[in-house]
Amino acid sequence: MSELTQSEQKKLVGFSAIDLLIDKKLLLSGMKVGLGTGSTAMPAVQRLAQRINDGTLSGIKAVATSFQTSIMCEDLGIPVYTLNSREIGGQLDIAIDGADEIDEKNNLIKGGGAAHVKEKIVEYNAGLLVIIADESKLVKDLGTQFPLPVEVIADARVPVTLALEKLGAQCMLREGVRKAGPVITDNGNQIIDCIWQRNSEGTSSLDPAAMEDIINDITGVVENGFFTKKRPIVFIAHKNGTVEQR
Ligand code: 5RP
């Protein structure tokens, strides 16, 4: 059998996760569900819509983490609310999303799609966080290959960059594609992407849990893409067509 491409793995894990969560009774009718952003989360949103349309699930209330996701929900007929809506009341039963990097303790980097602020608000307020990814997202050390996104207020770009450099990061302002100048997030802010070097032994001493707080203490930072405070269930799709839970 030929190996699955990365995009096939994303679809496989998105579809399988929804079906497995239903089978395990972790995703039930009437639940309030946070929906992530990106090319792995979108197949999960599509599968959720299919399982609503085939009558398996009813009364699902979704909260989207980005414009991408709310448009997808609207297109597919999934009722979408905000975390502040009366129907949601600030708390979700479950949230399902992709990730950019996953370490051995299931700490994450997210924000490759510049949506990590709403993702973190939604996912830290969900009873259960489910992360879905293809096997390329598994890493030993966070932040040495895929850059950590830090969302900043535009006026604080330079002082925040200096503070991040003091923490050992190499920083780059994220540039728009088919838009001149920086990426502007769904919240109207900018993104500084940060990468740390491994030491001469090829290891990293970066502590993602400590760094999540230290970076958020810098004045002008809105939120960073380390997700260490909510232990997720992780589903990983492999090239050989299997899906692993860890
Ligand atoms: C968006 C995210 C995404 O979950 C992350 O970037 C993974 O994206 P993809 O599934 O497209 O690889 O955090 O802000």
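A salt bridge is a side-chain nitrogen of Lys or Arg within 4 Å of a carboxyl oxygen of Asp or Glu. The legends below describe close-up views of a predicted model.

**View 1. A salt bridge joins the side chains of Lys-110 and Glu-119.** The nitrogen and oxygen of this pair lie 3.1 Å apart. Lys-110 is buried, its relative accessible area being 2%. Glu-119 is likewise classed as buried, with a relative accessibility of 2%. In the structure as a whole, the count of salt bridges is 11.

**View 2. Asp-19, Arg-47, Arg-51 and Asp-54 belong to one salt-bridge network.** The network arises through salt bridges that share partners. Arg-51 pairs with Asp-19, and the closest N and O atoms of the two residues are 2.7 Å apart. Because Arg-51 belongs to helix 2 and Asp-19 to helix 1 (residues 6–23), this salt bridge ties together parts that are 32 residues apart in sequence. Arg-51 also forms a salt bridge with Asp-54, with an N to O distance of 3.3 Å. Within this view, Arg-51 is buried at a relative accessible area of 14%, whereas Asp-54 is partly exposed at 49% relative accessibility.

**View 3. Helix 3 (residues 67–76) has a buried side formed by Thr-69, Ser-70, Met-72 and Cys-73.** These residues lie on the same side of helix 3 because they cover an arc of only 160 degrees around the axis. The partners against which the buried residues pack are strand 1 (32–35), helix 2 (41–53), strand 2 (61–64) and strand 3 (80–81). On the face turned away from the buried side, helix 3 carries Glu-74 and Asp-75, both of which are exposed.

**View 4. Ser-66 and Gly-77 mark the two ends of helix 3.** At the start of the helix, the backbone nitrogen of Gln-68 has a side-chain oxygen of Ser-66 within 3.3 Å. Just after the helix, Gly-77 adopts a positive phi of about 80 degrees.

**View 5. Three strands form an open sheet in the order 5-6-12.** The pairing in this sheet is antiparallel. Strand 5 (101–102) and strand 12 (226–227) stand at the edges with a single partner strand each, and therefore one side of each has no neighbour in the sheet. Strand 6 (residues 108–109) and strand 12 run antiparallel and are joined by two bridges. Leu-108 has Phe-227 of strand 12 as its bridge partner. Strands of a sheet pair through backbone hydrogen bonds, in either a parallel or an antiparallel manner.

**View 6. Tyr-124 and Phe-227 form an edge-to-face aromatic pair.** Two aromatic pairs are found in the whole structure. In the pair shown, the ring centres are 5.8 Å apart and the planes meet at 70 degrees. The angle qualifies as edge-to-face because that class takes in planes over 60 degrees apart. The pair links distant parts of the chain, with Tyr-124 in helix 4 (residues 116–124) and Phe-227 in strand 12, 103 residues apart. Tyr-124 is partly exposed at 24% relative accessibility, while Phe-227 is buried, with a relative accessible area of 2%. Phe-227 is also the bridge partner of Leu-108, and this residue thus appears in both the sheet view and the aromatic view.

Terms used. Residues numbered from 1 in each chain as written. Heavy atoms only, no water. Buried < 20%, exposed > 50% of the residue type's maximum accessible area, 1.4 Å probe, protein only. Helix = DSSP H or I, 4+ residues; strand = E, 2+ residues; numbered from the N terminus. Arc of directions from axis to C-beta. Contact = heavy atoms within 4.5 Å. Polar contact = N/O pair within 3.5 Å; in protein donor to acceptor, adjacent residues only side chain to side chain. Pairing = 2+ DSSP bridges. Phe/Tyr/Trp six-rings, centres within 6.5 Å; stacked < 30°, edge-to-face > 60°.
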